[in-house]
Amino acid sequence: MAEIFSFTPCRCLVLAPWESLEASRAEGGRVSVNIGLDEAEARRGDDSVTLECCGVSAKVPLEVLRRHSSRRSALAVSDDGYYEVELRLPSSYYKLVPLPGTAPTLEINGIHMHRVKDVKPIEDSALKVRLAGVKRGDRVLEVGTGLGYTAIESARRGARVTTVEASEAVLWVAERNPWSRGLADSNIAIVLGDACEALKEMTGAFDVVIHDPPRLTQGTGCLYSRDFYRELHRLLRPGGRIFHYTGEPGRTRGRSLGPRVVGELRAVGFVGLRYVDKAMGVVGVRP
């Protein structure tokens, strides 16, 4: 059963490895925190550094900062303590991975949930929103919230967004990602639940659908099925636009997913369909 998720950004500071290194060497003054978004006042002690920013005061042992500086993870620190932003569950491993000069990515079982080669996650999200033609006053349905960059960009353009995420673990990571704070925007509603079931409970009409599913596997096949595409078609108003991210699995073997998705979307009534190489996805319109 789907439910509305109340997104609450973590009251903590989050450090990339290079920020931990900077903080460990600081004798005082200001240092970068929150993966490049903010600066904190640093006060050096004998064996720790106190960082103050954004209403948070965090005392972090130098040993912890030095150890983290060589890791590939994000470190959350607060007056309650510190921990790396990762979740190890019986079947899955979720991790926030900082990237130099841009927003971090989410990894699930070692697989990036964003494009990181030749394009930054934020730029990739903005491209999806632009290709979908999101504008002020639009109602946007997004399937696959992730870290929320696409929903945040849509809301920034003046849209009202309903975004669906199947994993509460993903949203836990997003709450600790400084670049995901915008998910608390009042124009964004997060639905926690399986999209294949949640969409059946929804009514239209949306102006835009941005479908950003995980890669096609046996477990995610529903999100690429004709029945699911019928639900997307039903929820879009006439003239509504769709962007469907596919990625390029199998392209090197001559099995690009794009043509298959185009065919399935056409079968349920979408028109004007085309694959956009730069965005690795399909755009189309409900007539």
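Is tryptophan 172 buried, partly exposed or exposed?

1. In this predicted model, tryptophan 172 has a relative accessibility of 22% and counts as partly exposed. The cut-off for buried is under 20%, so the value of 22% places tryptophan 172 in the partly exposed class.

2. The structure contains one aromatic pair. Its members are tyrosine 83 and tryptophan 172, with ring centres 6.3 Å apart and planes at 35 degrees. Pairing requires centres within 6.5 Å, and planes under 30 degrees apart would count as stacked, over 60 as edge-to-face; the angle of 35 degrees falls in neither range, so the pair is tilted.

3. The two rings come from distant parts of the chain, 89 residues apart. Tyrosine 83 belongs to strand S8 (residues 81–84), and tryptophan 172 to helix H5 (residues 168–175).

4. Tyrosine 83 is also partly exposed, its relative accessible area being 33%. Both members of the pair therefore fall in the partly exposed class.

5. Two charged side chains are placed over aromatic rings. Lysine 128 lies over the face of tyrosine 245, at 4.5 Å from the ring centre. Arginine 139 lies over the face of phenylalanine 206, and here the distance from the ring centre is 4.4 Å.

6. Arginine 230 is located in helix H7 (residues 226–235). With a relative accessible area of 44%, arginine 230 is partly exposed. Threonine 220 is ten residues from arginine 230 in sequence, and their C-alpha atoms are 16 Å apart in space.

How values were computed: Residues numbered from 1 in each chain as written. Predicted model: local features only at pLDDT ≥ 70, side-chain atom pairs only at ≥ 80, totals over all residues. Heavy atoms only, no water. Phe/Tyr/Trp six-rings, centres within 6.5 Å; stacked < 30°, edge-to-face > 60°. Helix = DSSP H or I, 4+ residues; strand = E, 2+ residues; numbered from the N terminus. Buried < 20%, exposed > 50% of the residue type's maximum accessible area, 1.4 Å probe, protein only. Lys NZ or Arg CZ within 6 Å of the ring centre and 35° of its normal.
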